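Visitor: I have a structure open in front of me and would like to learn how to read it. Could you walk me through it?

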Amino acid sequence: MNIGIICYPTYGGSGVVATELGKSMGAKGHKVHFISYDQPARLDFFAENLYYHEVNVSEYPLFKYPPYEIALSSKIVEIVKSANLDILHVHYAIPHAAAAVMAKYVLREEGVQIPIITTLHGTDITLVGKDATYGPVIHYSLNQSEGVTAVSESLKTDTKDIFQFEKEIRVIPNFVDFARFQRQPKEHFKLAIAPNKERIVIHTSNFRKVKRVDDVMSVFRLIQQQLPARLLMVGDGPERVRLERECRNSNMCDKITFLGKQDAVEEILSVGDLFLMPSETESFGLAALEAMACQVPVISSNTGGLPEVNVNGVTGFTCDVGDVEAMAQRGIEVLQSDEVLQKFKENAVNHAKTYDIHSVCPIYEAYYEEVIEKHLQSVV
Ligand code: GMT
């Protein structure tokens, strides 16, 4: 197949999922064309079957808001024709689904038919999408997509509820590549972080409000009052500067390290004993899955798709949003003894294996074929 993937190029989970999926499809012999405003973060090498097309938005004094969506639609039109694409797979509805639908209609005028699959990732529905600013166009674009997928049952339910969406939404979960995310021997690193064999707690995110990074600090504060522990904060974003300042003024400063954005997250996860994800909302929680793949149990909130990924009492625990006492208590329960911790670590990696990239990508591949087939039948 010739596949067009439209995604955000940044470190966010939807861009990661889109890129890893495309790479996996490329490895299977499909030709994959990524269309975005920048080179996807995890596409930083040359590989057969993978192509990247940059969307450029022309400057003009009249444009207070440069029309990215039109530039994207035009680029999609160009690439569908030049690369003879069979299908467009857009990740994150805003504005990608709308841009793809616009391209589809432009192409139809020229006698070119192309089906669209829109994959919903979370905030494109639960935060931004349901906002009246975007809602009507998102709803229309989903209806005009030949296929719609959601990364969890919870997101499917939310989408149906928010938009009273009647069409089928196929749940295809996110996945993890065990060739990369597996526990590696990093004893020297572990010793540097925790010289007295303290437990290592990790949080990774883009430090946006929805991640509730203050709760991470509160949970850690309570944990380290009960047992020796260190906290690694990985990533960067709007809340980081304030949090780091507050941390410097606290008496926990020597126990917390802000590592900033890191490419080799799997190396950091390899020394972890506990992963914290107290998010306000989380359609899936890819970072939690990556932690579990590296044998790190998870304490998370019980919101959105998190309970599907982090099985309460098995791979860690899920607690109510904002209940930092319960999260800390559960964290201590996991960390209290080497035997208990080892059991949770094994459970975490075993459950993560159900999301192996080699199991999930063929589901997407089959869905592409199904949607193309149906579309061909509908246009003859
Ligand atoms: O955090 C976001 O809202 C951005 C979005 C993204 O592009 O990374 O994250 C969402 O998609 C990820 C990949 O499917 C999911 O793992 C995240 O849970 C989801 N984030 C939220 O729902 C808050």
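Guide: Below we go through the ligand site, one helix, some backbone angles and a few residue pairs.

Guide: Two notes come before that. This is a predicted model, in which local features need pLDDT of at least 70 and side-chain atom pairs count only at pLDDT 80 or more, while totals for chains, interfaces and linings use all residues. Residues are numbered from 1 along each chain as its sequence is written, and side-chain values use heavy atoms, with hydrogens and water left out.

Visitor: Which residues come nearest to the ligand?

Guide: A residue is near a molecule if one of its heavy atoms lies within 4 Å of it. Here 16 residues surround the ligand, and G13, S14, H121, T123 and R208 come nearest.

Visitor: What kinds of residues make up that shell?

Guide: The classes work like this: Ala, Val, Leu, Ile, Met, Phe, Trp, Tyr, Cys and Pro count as nonpolar, Asp, Glu, Lys and Arg as charged, and the others, Gly among them, as polar. By that scheme the shell holds three nonpolar, 10 polar and three charged residues.

Visitor: Which domains contribute to the shell?

Guide: Domain bounds come from an automatic or database domain assignment. Domain 1 (2-175 + 357-379) and domain 2 (187-355) each supply at least three residues of the shell.

Visitor: Which side chains have a polar atom beside an oxygen atom of the ligand?

Guide: A polar contact is a pair of N or O atoms within 3.5 Å. For S14, a polar side-chain atom lies 2.6 Å from a ligand oxygen atom. H121 also places a polar side-chain atom 2.6 Å from an oxygen atom of the ligand, and for E282 the distance is 2.7 Å. As for cover, the ligand on its own has 470 Å² of accessible area, and the protein covers 94% of it; such areas come from the Shrake-Rupley method with a 1.4 Å probe.

Visitor: Let's turn to a helix. Which residues of helix 9 are buried?

Guide: Helices are DSSP runs (H or I, at least four residues), strands are runs of E (at least two), and both are numbered from the N terminus. Buried means under 20% relative accessible area, exposed over 50%, and partly exposed in between (1.4 Å probe, protein chains only). In helix 9 (residues 240-248), the buried residues are R240, L243 and C247. These sit on the same side of helix 9 because they cover an arc of only 70 degrees around the axis; the arc is that of the directions from the helix axis to the C-beta atoms. On the face turned away from that buried side you will find the exposed residues V241 and R248.

Visitor: What should I know about backbone angles?

Guide: Most residues other than glycine have a negative phi, and most peptide bonds are trans. In this model, the peptide bond from I94 to P95 is cis, with omega near -10 degrees. P95 lies in helix 3 (residues 93-109).

Visitor: Where is K197 found, and what is its phi?

Guide: K197 is found in the loop between helix 7 (187-193) and strand 8 (199-204). Although K197 is not a glycine, its phi is positive, about 60 degrees. K197 is exposed, at 73% relative accessible area. R212, not a glycine either, has a positive phi of about 50 degrees. R212 lies in the loop between strand 8 and helix 8 (213-226), and is partly exposed at 25%.

Visitor: How many Å separate H53 and I35 in space?

Guide: Sequence separation and spatial distance are two readings to take side by side. H53 and I35 are 18 residues apart along the chain, and their C-alpha atoms are separated by 4.9 Å. H53 belongs to strand 3 (residues 50-54) and counts as buried at 18% relative accessibility.

Visitor: And how far apart are S58 and Y364?

Guide: S58 and Y364 are 306 residues apart in sequence and 35 Å apart in space, C-alpha to C-alpha. S58 lies in the loop between strand 3 and helix 2 (68-82), where S58 is exposed at 56% relative accessible area.

Technical notes:
A polar contact is a pair of N or O atoms within 3.5 Å; within protein, one must be able to donate a hydrogen and the other to accept it, and residues adjacent in sequence count only if both atoms are side-chain atoms.
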